[in-house]
Amino acid sequence: MTADPNAATQSYPPPPRHRDSPARYLVPALVAAAVAVGLGVYGKVHDPAGTAFNLAGFSSTGAVKSWLATTAFFFALVQVVSAFMVYGKLPGPSWSATLHRWSGRIAFLVAVPVAVHCLYAFGYQTYSTRVMWHSLLGCAFFGAFSAKMLLLRSERLPGWLLPVVGGLVFTALTLLWLTSALWFFRTVGVTT
């Protein structure tokens with residue numbers, strides 16, 4: 001029997017397939033947990049200052065926070081709609097991915113001063129059900145956001161993972177808005 005020198009060679013046993021390391025999912029999950037727990041611990045052990053900032057033109061710190069939270073929530077809604085465009089579930093312009101990235105950046109940047117004020121002025125509180133959920137969700141939001149940012153840099157993710165984590169981030173922010181800004185507007189009124 002003669003061998004064809006131009007034939008493709010095959011090694012035996014076949015080379016092992018590259019298996020995904022569970023660390024690429026475990027590390028973002030651990031970072032998310034560390035961020036959430038770290039914020040919660042800081043909020044619990046920190047002596048609340050009562051206030052951290054106020055902006056000219058607003059009647060109270062609560063109004064500032066409520067309007068900033070509403071702005072973050074609006075840009076989070078833009079995030080969801082643009083994500084559907086990016087994934088082809090809704091028709092959208094060619095710049096849908098850019099809209100998605102920038103609306104997320106703006107939502108995060110607007111949410112940070114609200115979170116800083118909440119942590120510094122009030123800390124992690126549990127004196128009512130609404131406040132307990134708000135404290136818990138605030139920590140969860142920043143933990144889930146951290147995980148999403150880390151997962152964005154991973155290659156070969158399952159197609160469902162980013163939408164699920166993004167959905168968790170959006171859900172946490174929505175519930176935060178419901179337990180803070182909407183509550184404020186309903187209790188105090190829509191004021192500036």
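At what angle do α2 and α3 pack, and how far apart are their axes? In this model, which is a predicted one, α2 and α3 pack at an angle of about 150 degrees, and their axes are 8 Å apart. Angles over 145 degrees count as roughly antiparallel, and that makes α2 roughly antiparallel to α3. The crossing of these two helices, α2 and α3, is left-handed, and the residues of their contact divide into 19 nonpolar, nine polar and two charged.

Let me stay with α2 for a moment, and look at its length. Helix α2 covers residues 61-86, and at 1.5 Å a residue its 26 residues should span 38 Å, which agrees with the 37 Å between its end C-alpha atoms. After α2 comes Gly88, and the phi of Gly88 is positive, near 80 degrees.

We can ask the same of α3, which runs over residues 96-122. Here the 27 residues of α3 should span 39 Å at 1.5 Å a residue, and the end C-alpha atoms of α3 lie 38 Å apart, which agrees. Helix α3 is followed by Gly123, which has a positive phi, near 75 degrees.

Now, how does α3 pack with α4? Helix α4 takes in residues 129-152, and it packs with α3 at an angle of about 140 degrees, the axes being 12 Å apart. The two helices, α3 and α4, are therefore oblique to each other, and α3 passes α4 in a left-handed crossing. If you would like to find this contact on the structure, look on α3 for His100, Phe108, Ala111, Val112, Ala115 and Cys118, which meet His134, Phe142, Phe145 and Lys148 in α4. The residues of this contact of α3 with α4 divide into seven nonpolar, two polar and one charged.

Let us move along to α4 and α5, which pack at an angle of about 150 degrees with their axes 8 Å apart. These two helices, α4 and α5, are therefore roughly antiparallel to each other, and their crossing is left-handed. On the α4 side the residues in contact include His134, Phe145 and Lys148, while on the α5 side they include Leu161, Val169, Leu176 and Trp183. The residues of the contact of α4 with α5 divide into 15 nonpolar, five polar and two charged.

I would like to finish with the aromatic rings. A pair of aromatic rings is described by the distance of the centres and the angle of the planes. How many aromatic pairs does a search of the whole structure find? The search finds nine aromatic pairs, and one of them joins Phe73 and Trp177, which are stacked, with 4.8 Å from centre to centre and 10 degrees between the planes. This pair links distant parts of the chain, as Phe73 belongs to helix α2 and Trp177 to helix α5, residues 161-187, so that the two partners are 104 residues apart.

Conventions. Residues are numbered from 1 along each chain as its sequence is written. This is a predicted model: local features need pLDDT of at least 70, side-chain atom pairs count only at pLDDT 80 or more; totals for chains, interfaces and linings use all residues. Side-chain values use heavy atoms; hydrogens and water are left out. Axes are lines fitted to C-alpha atoms, for helices over the stretch in contact, and angles run from 0 to 180 degrees between N-to-C directions. Helices (H or I, at least four residues) and strands (E, at least two) are DSSP runs, numbered from the N terminus. Angles under 35 degrees count as roughly parallel, over 145 as roughly antiparallel, 65 to 115 as roughly perpendicular and the rest as oblique. A crossing is left-handed if the near helix is turned anticlockwise from the far one by less than a right angle, and right-handed if clockwise. Contact means heavy atoms within 4.5 Å. Ala, Val, Leu, Ile, Met, Phe, Trp, Tyr, Cys and Pro count as nonpolar, Asp, Glu, Lys and Arg as charged, and the others, Gly among them, as polar. The expected span of a helix is 1.5 Å times one less than its number of residues. Rings of Phe, Tyr and Trp (its six-membered ring) pair if their centres lie within 6.5 Å; planes under 30 degrees apart count as stacked, over 60 as edge-to-face and the rest as tilted.
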